[in-house]
Amino acid sequence: MTTAETHAIHALWKTMARAWASADAALFASVFSPDCDFTTVRGDKPPGRAGIAAGHDRLFRTQYASTRLDARIVAVRHLRPGLATVEAESTVLTAAGAPLAKTHALAVAERTATGDWHLTAFHNMIPAIPKETAAVPQPTESEQARPKLRHLAIVAKDPEELAAFYTSVFSMELFHRDPDGSCFLSDGYLSLALIKHRLDGDTPLGMNHFGFHVSDTEATSAALVEAGADKPAERFTNRPFAEYRAMDPEGNWFDLSAHGFGGPRPPSAPDET
């Protein structure tokens with residue numbers, strides 16, 4: 001690969017960093033081909049350059065407002081004249097320089113008929129954690145047995161619109177839809193149910209119930225009865241996200257589940273654009 005080609009490829013990442021600093025989503029997307037195959041770290045695939053611009057415009061206005069991008073090309077492999085693969089590492093930094101997110105990307109760079117270079121494929125990934133730092137403390141037996149708050153449920157007028165809000169602003173993952181339009185999201189630890197409001201029902205909008213992941217539903221049920229609460233009722237539902245429904249002394253509903261509430265599993269070690 002010639003020095004000119006190498007400089008042209010490096011210039012793509014310099015443009016991305018400059019666009020990020022000025023929150024210019026159109027400029028950021030300009031380095032990608034109109035039909036670029038772009039994959040985010042969460043596996044989302046925005047539709048080409050237009051989708052990349054729309055997604056980054058949202059990021060620049062929400063969780064990555066007033067941030068900058070520190071991008072570094074790790075390796076360039078020349079496949080043939082005008083075509084190369086590129087490995088790059090990027091860090092999103094706050095205005096004060098604190099790191100917010102790190103990614104590792106594998107991209108395909110191609111020279112167009114006009115002589116310009118564009119990225120025709122771009123796959124973002126979370127960098128692997130070095131083995132010496134990947135170990136995490138194992139929970140004690142008492143910590144494993146402790147019930148964990150893992151579920152919240154909200155009755156919503158428009159679950160799809162609300163799901164789009166939580167996925168875009170807080171990067172939650174939509175993992176299930178009910179036929180009635182209810183949406184179920186997860187951040188990897190806690191699931192959020194957005195239950196479709198029924199116009200002919202009497203269930204009010206807003207917070208509806210929460211849920212605990214327990215190791216033993218029978219033992220927890222016995223503890224609830226001993227504490228003066230009603231015995232939890234078994235839930236008969238086609239959604240296998242909770243086995244029992246209970247109520248605290250002030251009438252707040254909550255679920256009990258021994259198998260969890262669905263959605264992505266918590267990462268085994270600490271693990272975005």
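# Report on a predicted protein model

Leaving aside neighbours within four places in sequence, Ser182 is in contact (heavy atoms within 4.5 Å) with Pro159, His176, Arg177, Leu194, Ile195 and Lys196. The model is predicted, so local features need pLDDT of at least 70 and side-chain atom pairs count only at pLDDT 80 or more, while totals for chains, interfaces and linings use all residues. Residues are numbered from 1 along each chain as its sequence is written, and side-chain values use heavy atoms, with hydrogens and water left out.

**Ser182 and its surroundings**

Ser182 belongs to the loop between strand E7 (173-177) and strand E8 (183-186). Helices (H or I, at least four residues) and strands (E, at least two) are DSSP runs, numbered from the N terminus. Ser182 counts as buried because its relative accessible area is 3%; buried means under 20%, exposed over 50%, and partly exposed in between, with a 1.4 Å probe and protein chains only. A polar atom of the Ser182 side chain lies 2.9 Å from the backbone nitrogen of Lys196.

Strand E8, which follows this loop, is covered on both faces: Cys183 and Leu185 on one side, and Phe184 and Ser186 on the other, are all buried. Strands E7 and E8 pair in the antiparallel sense over four bridges, where pairing requires that DSSP find at least two bridges between two strands. Leu174 stands opposite Leu185 in E8. On E8, four bridges also lead to strand E9 (residues 191-196), again in an antiparallel arrangement, and here Cys183 stands opposite Leu194 in E9.

**The five-stranded sheet**

Elsewhere, five strands form an open sheet in the order E1-E5-E4-E3-E2, with mixed pairing. E1 and E2 are the edge strands, each pairing on one side only. From one strand to the next, the twist averages 20 degrees; axes are lines fitted to C-alpha atoms, for helices over the stretch in contact, and angles run from 0 to 180 degrees between N-to-C directions.

E3 and E4 run antiparallel and are joined by eleven bridges. Glu89 stands opposite His104 in E4, and Val86 stands opposite Ala107 in E4. Helix H1 packs on the sheet, where it touches E1, E2, E3, E4 and E5, and its direction makes about 60 degrees with that of E5. Helix H3 also packs on the sheet, touching E1 and E5, and its direction makes about 65 degrees with that of E1. E4 and E5 pair in the antiparallel sense over eight bridges; the bridge partner of Ala105 in E5 is Asn124.

**Hairpins**

The following table sets out hairpins from both regions.

| Hairpin | Residues between strands | Residue with positive phi | Phi |
|---|---|---|---|
| E3 and E4 | five residues | Gly97 | about 95 degrees |
| E4 and E5 | five residues | Gly115 | about 95 degrees |
| E7 and E8 | five residues | Gly181 | near 100 degrees |
| E8 and E9 | four residues | Gly188 | about 95 degrees |

**Nonpolar cores**

In soluble globular proteins, nonpolar side chains tend to be buried together. A nonpolar core is a set of buried Ala, Val, Leu, Ile, Met, Phe, Trp, Tyr and Cys residues joined through side-chain atoms within 4.5 Å. The largest such core has 31 residues, and those with the most contacts inside it are Ile9, Trp13, Met16, Phe28, Phe32, Leu119 and Phe122. Two or more residues come from each of helix H1 (3-21), helix H2 (25-29), strand E1 (32-39), helix H3 (48-61), strand E2 (68-80), strand E3 (83-93), strand E4 (99-111) and strand E5 (117-125). H1 gives the largest share of this core, six residues.

Phe28, leaving aside neighbours within four places in sequence, is in contact with Met16, Ala19, Trp20, Ile52, His56 and Leu69. Apart from the largest core lies another, of seven residues, among them Ile154, Cys183, Leu185 and Leu194.

**An exposed loop residue and the whole protein**

Lys231 is placed in the loop between helix H7 (217-226) and strand E11 (233-234). Lys231 counts as exposed because its relative accessible area is 69%. Lys231 and Met247 are 16 residues apart along the chain, and their C-alpha atoms are separated by 8.6 Å.

The protein has seven helices and 13 strands in its secondary structure. Of its 273 residues, 36% are buried. Its accessible surface comes to about 15,800 Å², of which 55% belongs to carbon and sulfur atoms; accessible areas come from the Shrake-Rupley method with a 1.4 Å probe, and for residues only the protein chains shown count as cover.

Definitions and conventions. A polar contact is a pair of N or O atoms within 3.5 Å; within protein, one must be able to donate a hydrogen and the other to accept it, and residues adjacent in sequence count only if both atoms are side-chain atoms.
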